Amino acid sequence: MRKYFYALLLGLLITGCPARKDATPDTTGLADATRIVYSVRTPGRIISLAPALTENLKLILPLDRLVGRTDYCNTPAQIPSVGNIMEPSIERILALNPDIILATKEANQPAVIHKLRELGLKVFVFGESDSWKMVQDNFLLMGKLLGEESKASAILSNLNQQLSKVREHVPVGSCKVFIQLNNNPLMTAGNNTFINDIIKHTGCRNIAEDAANKWPVFNIEEVIRRAPDLIIISEMGEMTATAKDMWRNFPDIPAVKSGRIYVMPAELMCQPTPDNFVKAVSQIIEWNTK
Amino acid sequence: MNRGALLALGFLIVIPAVALLCLVVGGTNISLFNMSDTDRTIIFDVRLPRILTALLVGAGLAACGCVLQAILRNPLADPYTLGISGGAAVGVTALLAIGPVAGLVNALGSFGLPLTAFAGALAAVGLVFLIASKQRFSVHGLILSGVILSFIFSGIVMLIFAVSKPTEIQSAMFWLMGNLANINYTLMLIVGSLILTGIIIAFILAKDMDVMTLGDEKAVHLGVSPQTTRRTLFIITSLITGACVAVSGIIGFVGLMIPHIMRLIVGPSHRMLLINSVLAGALFLAVTDTLARTIMAPNELPVGVITGIIGGVFFISLLMKKTV
Amino acid sequence: MSMLKISNLTCGYDDRAVINDVSFEVNQGEIVGIIGPNGSGKTTLFRTITRVIPQYSGHVLYRDKEISSWHLRELSKEIAVLPQFIFLQFPFSVNDFIALGRNPYLGRLEPIGTEDQTIISQAMELTETKRLASKLITELSGGELQRVYLAQALAQQPKLLLLDEPTAHLDIGHQIEILHLLRYLNKEKELTVVIILHDLNLAAEYCHRLVMLNNGRIEAIGSPKEVLTFPIIEKVYKTVVVVKENPISEKPYVFLVPKDKWTGKQKGE
């Protein structure tokens with residue numbers, strides 16, 4: 001058992017959670033989308049293989065065209081699930097007769113995608129959404145794919161307006177933020193992540209920005225030393241209270257001293273949609289101005 | 001004074017010095033004469049309990065390895081041979097991945113994880129005890145039941161992983177690889193007293209362990225009941241290992257390697273062997289834990305990785321020179 | 001005084017009896033030899049006497065007290081055993097190994113005292129193992145190992161010494177040495193000895209009495225002259241022998257008869 005874990009650790013150390021590096025060249029350019037769009041027209045039956053994609057989809061379309069999703073996607077129960085994100089059931093996907101399957105480079109396994117393509121199914125793989133720009137690009141791409149380009153565009157310009165408005169209220173002065181994604185281990189978000197870009201847009205600085213990888217496990221010493229003004233905990237169910245309590249052991253941290261430890265719904269920070277982005281930014285700015 | 005006593009004395013001098021060094025070394029090095037408030041918090045609230053716990057856990061694991069190698073008459077036994085780690089793993093994985101009983105976890109707070117680990121460990125111990133007693137606590141019976149249960153527990157852990165979210169899996173795996181990141185003084189005191197009590201009892205039985213290594217038959221001839229001794233020491237090592245695993249996850253290699261190396265240096269007489277193993281184990285884990293939190297700062301590495309790598313390399317170099 | 005009294009003893013492994021209804025007595029100051037073919041139950045007998053395996057029925061009395069009612073520790077101050085196999089997993093020094101013989105006398109936390117050290121020294125002198133003191137037991141030859149085992153047993157200061165084929169892997173010279181030492185200990189230190197031997201002539205030479213086992217039962221008990229007669233030997237060992245007297249010691253001496261010299265009658269024609 002130990003050997004298995006040591007091997008897996010190597011993988012995790014390199015990539016962090018939950019991303020996995022894909023060695024194949026990028027197949028998610030605009031060309032891909034156009035090719036598929038021309039061949040499928042407006043896809044009627046859609047399967048989503050990642051919760052983030054489902055959320056993005058919900059912004060563009062009513063859910064009647066979504067015929068399949070994963071166990072973890074947040075949809076009405078009557079939409080059937082094809083299993084979990086790592087190993088969805090190929091059989092069930094086939095049985096649902098989709099026109100197009102949406103997947104992500106980060107969450108879904110290449111082996112699964114290749115298998116589906118081998119069976120003649122159309123799979124579109126979205127790249128990372130590690131910044132506001134990338135989120136918007138992917139959103140537009142999805143709009144094009146689903147034949148709702150103009151709608152997607154409109155949503156984005158609306159959200160950008162909201163964003164500018166909210167950013168007018170960014171308070172003066174520096175503000176350091178520590179994002180806590182997990183309690184045991186103490187995991188945070190580093191550079192080149194959705195979360196990091198959110199923080200950037202709030203006028204604050206992510207104290208883990210300089211870390212070597214995307215999802216560093218931080219030594220609590222570093223958090224003490226970097227003295228964040230704000231601690232934001234990603235909601236983790238029953239463990240959230242424990243996580244919050246843990247900070248009370250270190251009352252010298254500015255955020256703890258001033259009581260500025262907040263809990264944010266996990267989806268806002270971990271499911272990259274343009275809507276979540278703006279919501280998260282506004283929330284953090286609001287907390288910062290208190 | 002014999003070699004063992006000299007070495008033990010050496011350890012007793014070196015350990016406080018090294019511990020002090022570990023206190024000041026880290027992501028940033030702290031000077032003792034110019035401490036800011038932040039530095040003070042880091043030293044007393046973060047590093048000190050951690051180093052003390054590392055000393056205790058290292059001592060405990062090394063002691064268990066030493067004892068098990070004696071009563072199982074196998075120089076390659078380690079604290080996890082008898083299935084304890086599997087039980088603890090099931091407990092912790094279930095807590096982290098399936099979703100805990102809300103009220104229970106809230107009430108336990110930061111003690112939730114250690115408690116489920118300890119409970120899982122005890123459950124495993126209980127099962128092994130039951131099976132082994134049917135085999136009249138023979139060496140064979142103990143090892144077999146331990147190994148089989150380990151496999152079963154591994155399977156259960158894999159099963160839980162298969163139905164869990166990636167973040168939950170990663171949490172569980174980080175714990176399984178062993179780390180001393182979540183320590184507080186209360187936990188340290190509870191666990192520390194268990195470990196120290198266990199070590200003292202083991203030391204009292206050191207002569208019996210010597211006799212046990214001669215075989216069950218010879219043990220009887222020399223007035224030692226092999227079944228009783230094995231049973232007692234099995235319980236003691238289970239409690240120590242359970243305590244260690246509860247607070248630090250599954251840190252490998254220390255329990256196997258330290259007693260083995262010490263035996264090559266001070267010989268198999270268990271009085272000196274136990275003392276030196278305990279001291280060496282404490283020193284080793286304190287140093288490797290400091291490395292774990294320093295070499296990739298601000299990132300935190302699981303200490304089990306460091307003990308594995310250092311231990312493995314050291315062991316291989318030893319094998320190259322001597323027959324072990 | 002009776003040291004060991006075996007009455008109607010039946011014992012064995014896994015509910016299968018190897019020794020059946022065996023009775024004999026060993027008195028203080030005797031050297032009693034247990035002989036018999038392979039598989040006759042000699043080692044099993046020893047194991048029951050030393051409480052390594054349980055008895056099914058019958059009694060084993062040491063100094064008139066049931067062996068099971070002796071405290072294990074007290075018993076190990078009285079009886080010392082040289083079994084055929086000792087695990088040599090860990091490299092104890094010869095000195096430390098022999099010192100383990102003092103285990104029954106020392107409290108758990110008591111270190112080896114001067115008196116203990118003296119006894120260990122004496123044991124080493126008697127067995128001529130002093131010069132091996134700092135060697136590791138894993139480095140010793142067969143003969144040296146036997147003597148070290150014996151030294152450990154003597155360190156227990158036993159009143160009764162049980163030896164299971166101590167001469168099995170020794171050359172003639174070492175065989176004589178060990179048996180001579182036993183005879184010395186028996187005469188000068190009042191040590192009662194029960195010894196399993198496969199060599200009938202050694203048994204005849206050094207034992208006061210012999211117990212011949214066959215298929216788990218006693219075939220004959222008595223002095224070597226009484227037990228080592230050719231009818232008994234031929235019946236038990238299923239081979240032809242000639243028994244004469246050793247001109248030097250006047251003890252019986254068993255001569256082998258190779259099969260090609262057997263008469264037709266002896267071959268069973």
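**Three chains in conversation**

Modeller: Welcome! Buried residues make up 42% of the 290 residues in chain A, and the model we are looking at is a predicted one.

Biologist: Thanks! How many helices and strands does chain A have?

Modeller: Let's take chain A as a whole. Among its contacts with a separation of 6 or more, 61% are between residues 24 or more positions apart. As for its elements, chain A has 13 helices and eight strands.

Biologist: How do helix 6 and helix 7 of chain A lie, roughly parallel or roughly antiparallel?

Modeller: Helix 6 (residues 132-145) and helix 7 (residues 149-167) of chain A have axes 7 Å apart and pack at an angle of about 155°. Angles over 145 degrees count as roughly antiparallel. Therefore helix 6 of chain A is, relative to helix 7 of chain A, roughly antiparallel.

Biologist: And what is the handedness of the crossing of helix 6 and helix 7 of chain A?

Modeller: The residues that make this contact include F139(A) and L140(A) of helix 6 and A152(A) and L156(A) of helix 7 of chain A. By class, the contact has five nonpolar, three polar and three charged residues. The crossing of helix 6 with helix 7 of chain A is right-handed.

Biologist: Which two chains share the most contacts?

Modeller: Chains A and C can be set aside, as no contact joins them and their closest C-alpha atoms lie 27 Å apart. Two pairs of chains touch, and the pair with the most contacts is chains A and B.

Biologist: Which helix of chain B gives the largest share of the side that touches chain A?

Modeller: This contact takes 42 residues from chain B and 34 residues from chain A. On the chain B side, the elements giving two or more residues are helix 2, helix 4 (102-108), helix 5 (112-134), helix 7 (166-176) and helix 14 (303-321). That side divides into 17 nonpolar, 20 polar and five charged residues. The largest share, eight residues, comes from helix 7 of chain B.

Biologist: Now the other side: which helix of chain B gives the largest share of the side that touches chain C?

Modeller: Here 20 residues from chain B meet 22 residues from chain C. Helix 9 (206-212) and helix 10 (216-221) of chain B each supply at least two residues of the chain B side, and that side has eight nonpolar, seven polar and five charged residues. The largest share, four residues, comes from helix 10 of chain B.

Biologist: Inside chain B, how do helix 2 and helix 13 lie to each other?

Modeller: The axes of helix 2 (residues 37-71) and helix 13 (residues 270-294) of chain B come within 7 Å and cross at roughly 140°. The crossing is right-handed, and the contact residues divide into 18 nonpolar, four polar and two charged. Among them are A54(B) and L55(B) of helix 2 and L274(B) and F284(B) of helix 13. Helix 2 and helix 13 of chain B are therefore oblique.

Biologist: One last residue: is K42(C) buried or exposed?

Modeller: K42(C) lies in helix 1 (residues 42-49) of chain C. Leaving out residues up to four places away in sequence, K42(C) touches I34(C), G36(C), I196(C) and L213(C). A residue needs 20 or more other C-beta atoms within 10 Å to count as buried. Because K42(C) has 23 C-beta neighbours inside 10 Å, K42(C) counts as buried.

Note on methods: Residues are numbered from 1 along each chain as its sequence is written. Chains are lettered from A and ligands numbered from 1 in the order in which they are written. This is a predicted model: local features need pLDDT of at least 70, side-chain atom pairs count only at pLDDT 80 or more; totals for chains, interfaces and linings use all residues. Two residues are in contact if their C-beta atoms, placed from the backbone, lie within 7 Å. Ala, Val, Leu, Ile, Met, Phe, Trp, Tyr, Cys and Pro count as nonpolar, Asp, Glu, Lys and Arg as charged, and the others, Gly among them, as polar. Axes are lines fitted to C-alpha atoms, for helices over the stretch in contact, and angles run from 0 to 180 degrees between N-to-C directions. Angles under 35 degrees count as roughly parallel, over 145 as roughly antiparallel, 65 to 115 as roughly perpendicular and the rest as oblique. A crossing is left-handed if the near helix is turned anticlockwise from the far one by less than a right angle, and right-handed if clockwise. A residue is buried if 20 or more other C-beta atoms lie within 10 Å of its own, exposed if 12 or fewer, and partly exposed in between; C-beta atoms are placed from the backbone.
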